[in-house]
Amino acid sequence: MSQRSALVDTYAQFPLEVVTGRGSRLRTRDGHAYWDFYGGHAVALLGHCHPAVTRAVSEQAAALTFYSNVVPLEIRSRAAQRLCAFAGAGLDHVFFCNSGAEANENALKLAIARTGRTRIASLDGGWHGRTLLALSATTEEKLRKPFSGVLCDAVRLRPNDLDDLHRLDDRAAAVIVEPIQSIAGIVSLTGEYLAALRRRCDDVGAYLIFDEVQTGMGRLGRPFAAGDVHFGAPPDRNPPRKRRDESVCIQQPDLEADGVEGRHMAGPLPRLDKTGGTTVPPEPHRPASREGPTLPLTRAPLPGICPDMATSAKGIANGIPMGALLMNARVAEALRPGDLGSTFGGGPVACAAMLAVIETTERESLLEHAARLGAAMRDKLSGGPVLEFRGRGCLVGLRTKPPAASVQKALMQRGFVTGTSADPHVLRLMPPINTPLDAVDELAEALTTLGGTVDAALA
Ligand SMILES: Cc1ncc(COP(=O)(O)O)c(C=O)c1O
């Protein structure tokens, strides 16, 4: 039996047999080299086989490949601290897991358990993973259909439609959004919309979850979209408000010292039993009071919109499987041993890889480089079949006149690996954030030589 036939046939495949990768370059068995503007689906954040990541993984694997969460590990605590400091945005605590879907599943479970509500909300076009709650929040109908009987009650809002927000009401435990919807075809949420969403969540007592599986870890030229001024509403339209009502990041004071309840979820988190069922019924949910005591602000408000939780995966450990559910202190404070769990989550090799990713990003000023690459792509990728540029940093969509799949094919023949999206006319680019600027020039030239229709260019 060939290796291919032993694998279940669930993935459409690129016609490439990749054998090695270095930085943003891939080499195939037949000796061809490609610029990787797909990044193994946005996973190769620092490129392939970055020496700092390879070294960190090798050293950690030699010292202790794995031990579970029943023991404290210095590297795990250090990774948690480093990630939270990198993310900022009041996301001071983290639960480690293994994938984007698992991070989203846990975020949604937590919201449901805390509120006692069973409805979740998401946006049209959103893609959050294939586990059941994550799938409940995902739009793609062909994935959802076989499971329609077991998916949870989900309401889907129209992205960037302020008038549609009234459909988010106090039956919703949480709303989960990608600040830039990637698979949908690189659809950016506006700061104004996110600010209004933050306010609406506060008003109805629902958690706001940012799915930053693609937008996080520096891909946008900022650590995360959470707390990023780019995603904050214009100051005149969204003045910072105080406490309980804030739509900008406010450094949370020590709630225990203040003796004040959390912002959204009055009452304790119901205990989860081993099967995920609750053993203590949740207290009836009380929407956040607008009259609550005003807490002292310990630091100046941060710009941007701060979710209650944000999830990360894909590039977080540059190819070593890892997911992370970041949360603010108010969400974390009621968690108790046993409420969340994952055997491999926070394994030392993944933590070592993640630490190397953050340290390298900072040491090599890769946030700045990602922003420069984004600007170069915006300036230069306009020729040939391209009608419109979308996105930011290294999460880019090119709207194309011919179908994106034909542009992708023609580019592959010219040595560029790119991605498509749910929009048949949007080509996606998710290159490593340390890709040399020259690669953008080469891609621009290749696009220009394809011409407007691509047909003639296809071999
Ligand atoms: C925005 C987003 N969220 C969640 C996921 C699911 O991540 P994973 O495949 O690691 O479960 C994906 C995967 O593409 C994604 O793009």
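## A first look at the fold

Residues 24 or more positions apart account for 74% of the contacts in the protein with a separation of 6 or more, where a contact means that two C-beta atoms, placed from the backbone, lie within 7 Å. The model is predicted, so local features need pLDDT of at least 70 and side-chain atom pairs count only at pLDDT 80 or more, while totals for chains, interfaces and linings use all residues. Numbering starts from 1 along each chain as its sequence is written.

The protein has 14 helices and 16 strands; these are DSSP runs numbered from the N terminus, with at least four residues for a helix (H or I) and at least two for a strand (E). Of its 459 residues, 51% count as buried. Buried means 20 or more other C-beta atoms within 10 Å of a residue's own, exposed means 12 or fewer, and partly exposed lies in between, with C-beta atoms placed from the backbone.

**Strand E10**

A good place to begin is strand E10 (residues 207–211), where five of five residues are buried. In a regular strand, side chains alternate between the two faces of the sheet. Here Tyr 207, Ile 209 and Asp 211 lie on one side, Leu 208 and Phe 210 on the other, and both faces are covered. E10 pairs with two strands listed below; pairing requires at least two bridges found by DSSP.

| Partner of E10 | Sense and bridges | Residue opposite Phe 210 |
|---|---|---|
| E7 (residues 172–177) | parallel, four bridges | Val 177 |
| E11 (residues 309–312) | parallel, three bridges | Ala 310 |

**Around the ligand**

Next comes the ligand. Of the 14 residues around the ligand, Ser 99, Gly 100, Ala 101, Gly 129 and Val 213 come nearest; a residue is near if its C-beta atom, placed from the backbone, lies within 6 Å. Helix H5 (residues 100–115) supplies the largest share of this shell, three residues. By class, the shell holds five nonpolar, seven polar and two charged residues. Ala, Val, Leu, Ile, Met, Phe, Trp, Tyr, Cys and Pro count as nonpolar, Asp, Glu, Lys and Arg as charged, and the others, Gly among them, as polar.

**Two helices that meet**

Finally, look at helix H4 (residues 74–87) and helix H11 (residues 348–363), whose axes come within 9 Å and cross at roughly 35°. Axes are lines fitted to C-alpha atoms over the stretch in contact, with angles from 0 to 180 degrees between N-to-C directions. Residues of H4 including Ile 75, Leu 83 and Phe 86 meet a set in H11 that includes Met 354, Leu 355 and Ile 358. This contact has ten nonpolar, no polar and three charged residues.
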